[in-house]
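Hi,

Here's the structure I said I'd pass along. Have a look, and my notes on a few helices are underneath.

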Amino acid sequence: MATTIPTSAFIATPHRCSTGRSSAIWVQKAQFSASSSSLGVSLSLKRPSLRLVSVRCEANGAGMPVIPAQERWMYEESEINGPDIWNKTWYPKAADHVNTEKTWYIVDASDKILGRMASTIANYIRGKNLATYTPSVDMGAYVIVINAEKVAVSGQKRSQKLYRRHSGRPGGMKIETFDQLQKRIPERIVEHAVRGMLPKGRLGRTLFTHLKVYKGSEHPHQAQKPIPLPIRDKRIQFVKK
Amino acid sequence: MNKDKIFKLAKGFRGRAKNCIRIARERVEKALQYSYRDRRNKKRDMRSLWIERINAGTRLHGVNYGNFMHGLMKENIQLNRKVLSELAMHEPYSFKALVNVSRTTFPGNKAVPKKEGLSSIL
């Protein structure tokens with residue numbers, strides 16, 4: 001059964017035709033062909049890692065030249081066997097984080113608790129939900145937030161939560177309550193919340209540009225075909241007491 | 001160390017630190033101290049990156065990292081975090097098999113449903 005995964009299959013270095021590594025995997029795939037439909041939903045099939053596996057097979061047939069045993073000392077190991085993926089931690093190449101191929105998600109902010117929603121949004125924008133997460137590279141997705149003026153907060157925060165900003169000059173502190181800011185610029189509330197949860201720095205600023213917040217229920221990104229953001233937090237819906 | 005060696009190590013430094021010996025010597029000393037410290041930090045950072053990747057990979061299947069590793073330890077599966085993170089990225093079907101193994105051994109801390117009213121005393 002599944003417990004008898006031969007550990008030798010994982011330690012073996014990839015051969016030229018990568019049959020040694022993949023043979024155990026083909027067995028696993030056959031076992032899970034029945035449940036592949038459930039797997040297909042949870043895995044994003046656009047993942048570059050799957051492309052990595054298939055390209056290596058093709059490359060070994062066509063791109064990688066067969067080097068006779070007598071000449072093998074002249075070449076490096078990576079030229080003979082291909083790149084070593086089991087002993088070096090994977091780092092994304094430029095093709096693995098092209099902005100045009102990233103997923104777009106959409107969230108309806110009506111009656112959602114501000115902080116809980118912002119936390120899930122920040123996780124998806126940063127890419128922490130993906131197994132290919134890299135802290136130094138933008139691997140995350142784009143998120144659209146609609147109905148930002150209907151976002152909810154619990155307790156007395158609606159009249160008591162303060163938003164402060166300072167112009168830099170003495171006496172230049174401006175203070176607004178949640179209520180007042182929501183009347184003035186409702187998008188800024190969600191943006192402020194998510195920006196506080198993203199990393200601060202050059203990468204964090206680029207990540208922030210992947211958040212798109214809109215006031216009504218219309219957004220200009222229909223062409224990107226956004227999918228609903230999967231939210232697993234059970235306490236995110238605002239319940240009026 | 002003589003000046004040539006210092007300047008060789010100071011390649012790519014900012015401003016006068018790559019040109020002027022007095023400044024370069026300081027920066028190179030600091031750089032060597034950092035590299036000594038970071039050779040040890042690198043091992044920690046890599047392990048934490050593997051754990052983050054494994055966490056993300058298992059959460060796709062509804063299991064968190066802690067319960068997953070507990071299940072693996074119970075089954076005495078000796079795969080290390082480096083290999084597990086590479087599996088999560090490159091061999092998703094095998095990784096799902098591992099998650100199932102862990103889940104059968106240790107299903108995780110199921111939340112106890114709160115009993116309301118009289119049944120909480122009974």
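**Helix packing in chains A and B**

In chain A, the axes of helix α6 (residues 114–126) and helix α9 (residues 186–197) come within 9 Å of each other and cross at roughly 55 degrees. Angles from 35 to 65 degrees fall in the oblique class, so α6(A) is oblique to α9(A). The crossing is right-handed. On the α6(A) side, the contact is made by A:L114, A:G115, A:M117, A:A118, A:S119, A:I121, A:A122 and A:I125, and α9(A) brings A:I189, A:V190, A:A193, A:V194 and A:M197. Sorted by class, that contact has eleven nonpolar and two polar residues, with no charged ones. Bear in mind that this is a predicted model.

Over in chain B, I looked at helix α4 (residues 81–90) and α5(B), which pack with their axes 6 Å apart at an angle of about 125 degrees. That makes the pair oblique as well, but here the crossing is left-handed. B:L84, B:L87, B:A88 and B:H90 of α4(B) touch B:P92, B:F95 and B:L98 of α5(B). The tally for this contact is six nonpolar, one polar and no charged residues.

Does the length of α5(B) come out as expected, or not? Helix α5 of chain B covers residues 92–105, and at 1.5 Å a residue its 14 residues should span 20 Å; the end C-alpha atoms are 20 Å apart, so the two agree. Buried residues in α5(B) are B:P92, B:S94, B:F95, B:K96, B:A97, B:L98, B:V99, B:V101 and B:S102.

Cheers

Conventions:
Residues are numbered from 1 along each chain as its sequence is written. Chains are lettered from A and ligands numbered from 1 in the order in which they are written. This is a predicted model: local features need pLDDT of at least 70, side-chain atom pairs count only at pLDDT 80 or more; totals for chains, interfaces and linings use all residues. Side-chain values use heavy atoms; hydrogens and water are left out. Axes are lines fitted to C-alpha atoms, for helices over the stretch in contact, and angles run from 0 to 180 degrees between N-to-C directions. Helices (H or I, at least four residues) and strands (E, at least two) are DSSP runs, numbered from the N terminus. Angles under 35 degrees count as roughly parallel, over 145 as roughly antiparallel, 65 to 115 as roughly perpendicular and the rest as oblique. A crossing is left-handed if the near helix is turned anticlockwise from the far one by less than a right angle, and right-handed if clockwise. Contact means heavy atoms within 4.5 Å. Ala, Val, Leu, Ile, Met, Phe, Trp, Tyr, Cys and Pro count as nonpolar, Asp, Glu, Lys and Arg as charged, and the others, Gly among them, as polar. The expected span of a helix is 1.5 Å times one less than its number of residues. Buried means under 20% relative accessible area, exposed over 50%, partly exposed in between (1.4 Å probe, protein chains only).
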